[in-house]
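Here's a walk through one protein chain, starting in a loop and working outward to the whole fold. Have the viewer open as you read.

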Amino acid sequence: MKYESTREGRPFLSAAQAILAGLAPDGGLLTPESIPRLSEGDLEALIPLTYQERAEFILARYLTGFSREDLTRCIGSAYNETTFSDSRVAPLHRLDRSLSVLELWHGPTCAFKDMALQILPHLLTTSAAMEQDLRTYVILVATSGDTGKAALEGFRDVDRTRILVFYPDAGVSQVQKLQMVTQEGSNVGVLAVRGNFDDTQSGVKEIFSDQQVEQLLAEAGMRFSSANSINWGRLAPQIVYYFSAYCDMVRQGDIASGDPVNFVVPTGNFGNILAGYFAREMGLPVNRLVCAANANNVLTDFIRTGVYDRNRPFSRTISPSMDILISSNLERLIYLLSGRDAARVAGWMGELAETGRYQVTEDVLDKVHSLFWSDFSDDEETVRRIRDTWNTYGYLTDTHTAVAMDICEKYRNETGDNTPTVVVSTASPFKFTASVAEAVLPDKDAGSELELLEELSRYSSLPIPAGLSRLDARPVLHRQVISREDMSPEVLKFLGLTEN
Ligand SMILES: *Cc1c(COP(=O)(O)O)cnc(C)c1O
């Protein structure tokens, strides 16, 4: 299996090279040259397997060149009893006969980013070894909260990697900050930057494109890399849990093997739901992929009209991981739906960069309509949905999952489609406690976020996940607050590359 750029369409990289590169040189996204197809027999064979075995079966189709031992080791290092609090890794929680929730938040940071970021570091270092690249990979992350912590947990103590995370001093929640400043690991660094997220992010971008810094790293046998969601090494592992959920539906007797199911996915950057599309193209019986958005409804408009237009106000919502106006992974979808027409995709992406808008052609839109459906919910609907789900099913959801639950109902009401459905749950209810507490606690005291965690746990009789419990009792290991100008010197200091 070779990988090609969505803006050129000529397969030229191996899987290992695609993972190491992250992005194609022309700015396009690296995409497999074909989508492997599983037979009905293959699907049957997956049903009795563990999550790890299912992962090996799926990933082997894409990561050709990786030996079986390598794959088993990467998967075993990512998904095990130490890293995931549930031995099923991505368990399916049944609400009723036709509705289940796929819980993707049993990893160390209690959100779905762990599904990819627990394995990416191992895929990256294995790829480097396959390419006889002995350099140390230096991961820089600017985070508004969740990705940084998930990347830290993924890369901590992984040989031949260093990771440095910058977060805006005033831009993350108390829990997110505590999660990061207490981060353990011999190869990690965490720095608060005075300013907002945009300052932090532009600072990191500058460092990545600073040739002097790059030179210093090269002389020391190091190389920058990023852990962002367009890397194929993050997308491929996400395909696995769609198959896993389906197999579990069959196993719990809700469907027969071969029956169609719908997936409803809380969406931001379009990575998660795109993995669902790959699963479908591989032969998983998926009827419809429902794209759930919040007030930043750029994807809902796109899926309905074929016009992608980011020229609109940005809203801060209570589902912040979906507050995105540029959904990078959508480029892979339009590439595939246009029949791998790289020239057309390059044109649309050029328009997006120039005007913030593009419109796909009728043939692509028809395909979008046959596969996807989308709507959005605002904060008020989201809070109400958390309360309703708790009252109806005794099941507690976080805000992102609640958006998907709400859209699930809208979809069923509008289309009358009662196909058995899986709502994809992307964060633990303890991760975004304030809104969940507002929705369900009868009278919440205006306490701190940490007190609210305790209160919510007592009220719901659910344990606080290990990754979030007793955060204030852990030693603070990263106290430094720096200014934006100091980011670059701090990187060199962290890597031991300064003269003094
Ligand atoms: C990242 C994230 C999302 C959005 O996923 P995409 O792959 O970017 O569409 C949704 N919910 C949570 C909790 C997330 O962390």
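Let's begin with valine 89, which sits in the loop between α4 (68–78) and β3 (92–96). Keep in mind that this is a predicted model. The phi of valine 89 is near 70°, a positive value in a residue other than glycine. That's worth a look, since most residues other than glycine have a negative phi. Is valine 89 buried or exposed? With a relative accessible area of 1%, valine 89 is buried, the cut-off for that label being under 20%.

Cysteine 110 tells a similar story. Its place is the loop between β4 (99–103) and α5 (113–117), and its phi is positive too, at about 65°, although cysteine 110 is not a glycine. Cysteine 110 is buried, with a relative accessible area of 2%. Then there's glutamine 132, just after α6, with a positive phi of about 50°.

Here are those backbone angles in one place:

| Residue | Where | Phi |
|---|---|---|
| Valine 89 | loop between α4 and β3 | near 70° |
| Cysteine 110 | loop between β4 and α5 | about 65° |
| Glutamine 132 | just after α6 | about 50° |

Now for helix α6 itself, which covers residues 120–130. Eight of its 11 residues are buried, so helix α6 is largely enclosed by the rest of the structure. Among those buried residues are Leu120, Pro121, His122, Leu123 and Leu124; Thr126, Ser127 and Ala128 are also on the list.

On to the sheet. Which strands form it, and in what order? Five strands make an open sheet that runs β8-β5-β6-β7-β15, with parallel pairing. At the edges stand β8 (222–225) and β15 (481–482), each with a single partner strand, so one side of each has no neighbour in the sheet. As a reminder, strands of a sheet pair through backbone hydrogen bonds, either parallel or antiparallel.

Zooming in on one pair, strand β5 (residues 136–142) is joined to β6 by six bridges, and the two run parallel. If you want to check the register, tyrosine 137 stands opposite threonine 161 in β6, while alanine 142 stands opposite phenylalanine 166 in β6. Strand β6 spans residues 161–168, and seven of its eight residues are buried, so strand β6 is largely enclosed by the rest of the structure.

Further along the sequence, helix α17 (residues 379–393) holds threonine 382. Threonine 382 is buried, with a relative accessible area of 1%. What does threonine 382 contact, leaving aside its neighbours within four places in sequence? The partners are Ile318, Ser377, Thr399, Ala402 and Val403.

Time to zoom out. The chain has 21 helices and 15 strands. Its radius of gyration is 22 Å, close to the 23 Å that the globule rule gives for 500 residues, so the chain is as compact as a globular protein of that length. The C-alpha trace spans about 70 × 60 × 50 Å along its principal axes.

Of the 500 residues, 59% are buried. Among contacts between residues at least 6 apart in sequence, 73% join residues at least 24 apart.

Finally, the surface and the charges. The chain exposes about 19500 Å², and carbon and sulfur atoms supply 46% of that. There are 47 positive and 67 negative charges, and their mean positions are 1 Å apart.

How values were computed:
Residues numbered from 1 in each chain as written. Predicted model: local features only at pLDDT ≥ 70, side-chain atom pairs only at ≥ 80, totals over all residues. Heavy atoms only, no water. Helix = DSSP H or I, 4+ residues; strand = E, 2+ residues; numbered from the N terminus. Rg over C-alpha atoms; globule rule 2.2 N^0.38 Å. Buried < 20%, exposed > 50% of the residue type's maximum accessible area, 1.4 Å probe, protein only. Contact = heavy atoms within 4.5 Å. Areas by Shrake-Rupley, 256 points an atom, 1.4 Å probe, with all protein chains shown as cover. Lys, Arg positive; Asp, Glu negative; His and termini not counted. Charge placed at Lys NZ, Arg CZ, Asp CG, Glu CD. Pairing = 2+ DSSP bridges.
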